[in-house]
Amino acid sequence: MTQPIPFERPIAEADTQPSAVVPLGPTGRPMPVFPDPAPLTGHGGARVVSMCNQKGGVGKTTTTINLGASLAEFGRKVLLVDFDPQGSLSVGLGLNPHEMDATIYNLLMDRETTLDEVVVPSGIEGMDLLPSNIDLSAAEVQLVHEVAREQTLQRVLAPALAHYDVILIDCQPSLGLLTVNALTASDGVIVPLECEYFALRGVALLKTTIDKVRERLNPKLEIDGVLGTMFDGRTLHSREVMERLVSAWGDTVFHTVIRRTVKFSDATVAGEPITSYASSSTGADAYRQLAREVLTRWPAE
């Protein structure tokens, strides 16, 4: 044999087939596609959801405003409840806390006050607001002596259930009586969580509180999801926190992640949701995607 034997490296069979690569989302899991929700034929039977985390500055108010506005864009009738004495939700929608005739405090403490007397338009079509100011801080002290004090908010929100599709409650950054009221009135909880180490530490305590409320006051309460906020994929720290969050909570963590952007601060100053202030921004797109994702998680309407 004067000629050398030709040699060709065998091609693995798998290499000859084009493989569909599923892109990974910021949570490190394959990113599903969430369809636009079907339009509703009528309104009512509201699902009540609390935005809850005892740590402040994690994005509860921002998420309440922008998720509510995104749900309203998809044809849902939404009521936002400002249940924080700081009144950030009301201020974030352009209200002056010192010029309010009636707030949720009046609704809680005065049985003569009706829901219609307190609800105000938010400036966004399909979304209303139950405002709050510093007066609400007195309610926590006064409610201590009430009978069935944990069910007070549930009682005053009952007339709204037939008129809205979603009621979002912006809780104060504590696990006091007001927050327990919100959890007792709710069907679900969304936990906004800053992608930062200290934010992770308090989630176990929050879950213990949710479990106690479910066991003693509200058997239907469930965690709708944990939402990573202020995420910066360029930093190793944010990615590590997200990885740890997913390993601890699994599929409870939303695929949607809210990234840092200065547009959120600008929208707050303008007193608008980001979906109207900067409609084409990445922040607006993220909250629209979150709205689609939560609607796929909630029971069929």
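Val78 of strand β2 stands opposite Met127 in β4, and this pairing is a convenient place to enter the predicted model. Strand β2 covers residues 78-83, while β4 spans residues 127-130. Four bridges join the two strands, which run parallel.

A second partner of β2 is strand β5, formed by residues 166-171. Here six bridges are found, again with the strands running parallel. Along this pairing, Leu79 stands opposite Ile167, and Val81 stands opposite Ile169. Strand β5 in turn pairs with β1 in the parallel sense, over five bridges. In that pairing, Val48 has Ile167 of β5 as its bridge partner. Ile167 thus appears in both pairings, opposite Leu79 of β2 and as the partner of Val48.

How many residues of β2 are buried? The count is six of the six, so the strand is largely enclosed by the rest of the structure. From β2, the side chains of Val78, Leu80 and Asp82 point one way, whereas Leu79, Val81 and Phe83 point the other way, and all are buried. Strand β5 can be described in similar terms: six of its six residues are buried, so β5 too is largely enclosed by the rest of the structure. Val166, Leu168 and Asp170 point one way from β5, with Ile167, Ile169 and Cys171 pointing the other way, and all are buried. An aspartate is therefore included among the buried residues of each strand, Asp82 in β2 and Asp170 in β5.

Attention now turns to charged side chains. Side chains of opposite charge can pair when their charged atoms come close. A search of the whole structure finds 14 salt bridges. One of them links Arg292 with Asp36, whose closest N and O atoms are 3.2 Å apart. Which parts of the chain does this pair bring together? Arg292 belongs to helix α14 (residues 282-297) and Asp36 to the loop between α1 (13-16) and β1 (47-51), so the contact ties together parts that are 256 residues apart in sequence. The two partners also contrast in accessibility: Arg292 is buried, at a relative accessible area of 18%, whereas Asp36 is exposed, at 55%.

Helix α14 contributes to another salt bridge, between Arg297 and Glu293, where the closest N and O atoms are 3.4 Å apart. Both residues lie in this helix, four residues apart, or about one turn. Is Glu293 buried or exposed? Glu293 is buried, with a relative accessible area of 1%, while its partner Arg297 counts as partly exposed at 29%.

A salt bridge within a helix is also found in α10 (residues 203-216), where Asp211 and Arg214 are three residues apart and separated by about one helical turn. The closest N and O atoms of this pair are 2.8 Å apart. Asp211 is partly exposed, with a relative accessibility of 26%, and Arg214 is likewise partly exposed, at 28%.

Beyond these pairs, Arg47, Glu222 and Asp224 are linked in a network of salt bridges. Arg47 falls within the residue range of β1 (47-51), the strand that pairs with β5.

Technical notes. Residues numbered from 1 in each chain as written. Predicted model: local features only at pLDDT ≥ 70, side-chain atom pairs only at ≥ 80, totals over all residues. Heavy atoms only, no water. Salt bridge = Lys/Arg side-chain N within 4 Å of Asp/Glu carboxyl O. Buried < 20%, exposed > 50% of the residue type's maximum accessible area, 1.4 Å probe, protein only. Pairing = 2+ DSSP bridges.
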